[in-house]
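Here's a quick look at the empty space in one protein model. Where would you start if you wanted to find its pockets and cavities?

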Amino acid sequence: MSALESSSSHAPAPWTCPFCPLLCDSFSVAGSEGAWVLEGSDCARARAGLSRFSPVEAPVVRAQIDGVDCEPQAAIAAAARLLAASHQPLFGGLGTDAAGARALYPLACRTGAICDPAGGASLMQSLRALQDRGAFTTTLAEVRTRADLIVCVGSMPSERYPEFLRRCGIGEEGAARLVLLQPATSQAAAPAIDGLEVVHFDADLFDTVAMLAASVAGRSVASDVAAGALAKLADELRLAKYAVLVYEAGQMPSQAALIIEAINRIVSTLNLKTRAAALPLGGGDGASTVNAVFTWLGGLPLRSRASPAGLEHEPLRFDAKRLLADGAVDALLWIASFGSEPAPPETGLPRIVLGHPAFADATRGSGTVFIPVSTPGIGSAGHLFRTDGSVLMPLRALRTDSLPAVADVLKRITQALQQPLHQPPHQPLEADA
């Protein structure tokens, strides 16, 4: 049986899409004419992700050292030597699944690496708001079955998450009312969605959400805007049986943690008399998964470092872009197993890239070790945390390829490091070492 026939014979089985943090699992994939065909959805994001792969495995891309093809073991040894010589490595991208994150943690402890995902800036905004004031969040299933009012703050998620409205049951009988709180100066036209109500505001998002929070709490606000549409929305939130405020930190301005804190304050106020929750969207390309695994294993989220002084969590100082711009790191390990994006930053630092085979040409050059890896949900099985943070979704491989998983490569690099440079503040569990 050919690889294509084997893939097609398994096509009717449900497939979990790894290319978006919604991790939709209600459609399937079939192999046809050398390309994957998405069945049961027209999601542009899923189709774009699938277009980077073929039902028939392409010729194997070899590992490289300084742009020269080599055996995998030689690349692993070179990567270990590079990390052993580094005084302060940075682990970025972090596009991997739960198994890859479990293998990455002991390597970070051994080398004292700082870890920050490609979407670290937006991930940290929600995290800082949670750390400062707490949060009450919900799940996609709760939104679909219980919510009667959904307010999208600042932007419409369906622009970046095409299946979002369907996941919330919008368009079905008894679905929740859908409201978009959008700035009047927005360049984006409100999407043509049946039943969508748009509330425009003239102030910036910081002031608008703060005024809405004050109105929900019953405090008077000296503003014509608050006295009009925002006051009406505040009344509707108070009357709702289950209101959900949806936001995307990645679409908010800098210092979005202040906006998110105001959203959480609205939720907290509503929960004194009715039911409400927030639904943050983001954390794709493995960011939410690696953050959850690191928090579970070490007690602290990403942008943390295991140093001789113990575990350090610095959400501002340990920003990958800041560290690279300031020359505060001397080596980069970049992981991107879900496709040819996000690409590793252009830098003169020694680099180790574990990624999609498409990175082979882009990473050719001096000072780079490249190891092609399998993509969870395409060439290997795996697990990812969904954007709502409560469900660990299994990923089924569409085909079996010959590329190693990120977890296998990281374990071999860790084993190749003879002596740890930094002793972690506690010994990892034996299963995680």
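Below is a short rundown of the open and closed spaces in this model.

The model is predicted, so to speak plainly: local features need pLDDT of at least 70, side-chain atom pairs count only at pLDDT 80 or more, and totals for chains, interfaces and linings use all residues. Residues are numbered from 1 along each chain as its sequence is written, and side-chain values use heavy atoms, with hydrogens and water left out.

**The largest pocket**
- The largest pocket (an open set of points on a 1 Å grid over the protein atoms alone, with protein on both sides within 12 Å along at least five of seven lines) comes in at about 1,100 Å³, a volume being the space filled by probe spheres set on points joined across faces, edges and corners.
- It has 42 lining residues (those with an atom within 4 Å of a point), and closest to the centre sit Leu123, Gly282, Gly283, Ser288 and Thr387.
- Two or more lining residues come from each of α5 (120-133), β10 (242-248), α10 (256-270), β11 (275-281) and α11 (287-298); helices are DSSP runs of H or I with at least four residues, strands runs of E with at least two.
- α5 chips in the most, with six.

**The cavities**
- There are three cavities of 30 Å³ or more, a cavity being a set of points where a 1.4 Å probe fits but cannot get out.
- The largest cavity has a volume of about 110 Å³, and Tyr105, Phe294, Ser304, Arg305 and Leu311 are the closest to its centre among 14 lining residues.
- α4 (98-111), α11 and β12 (304-307) each supply at least two of that lining.
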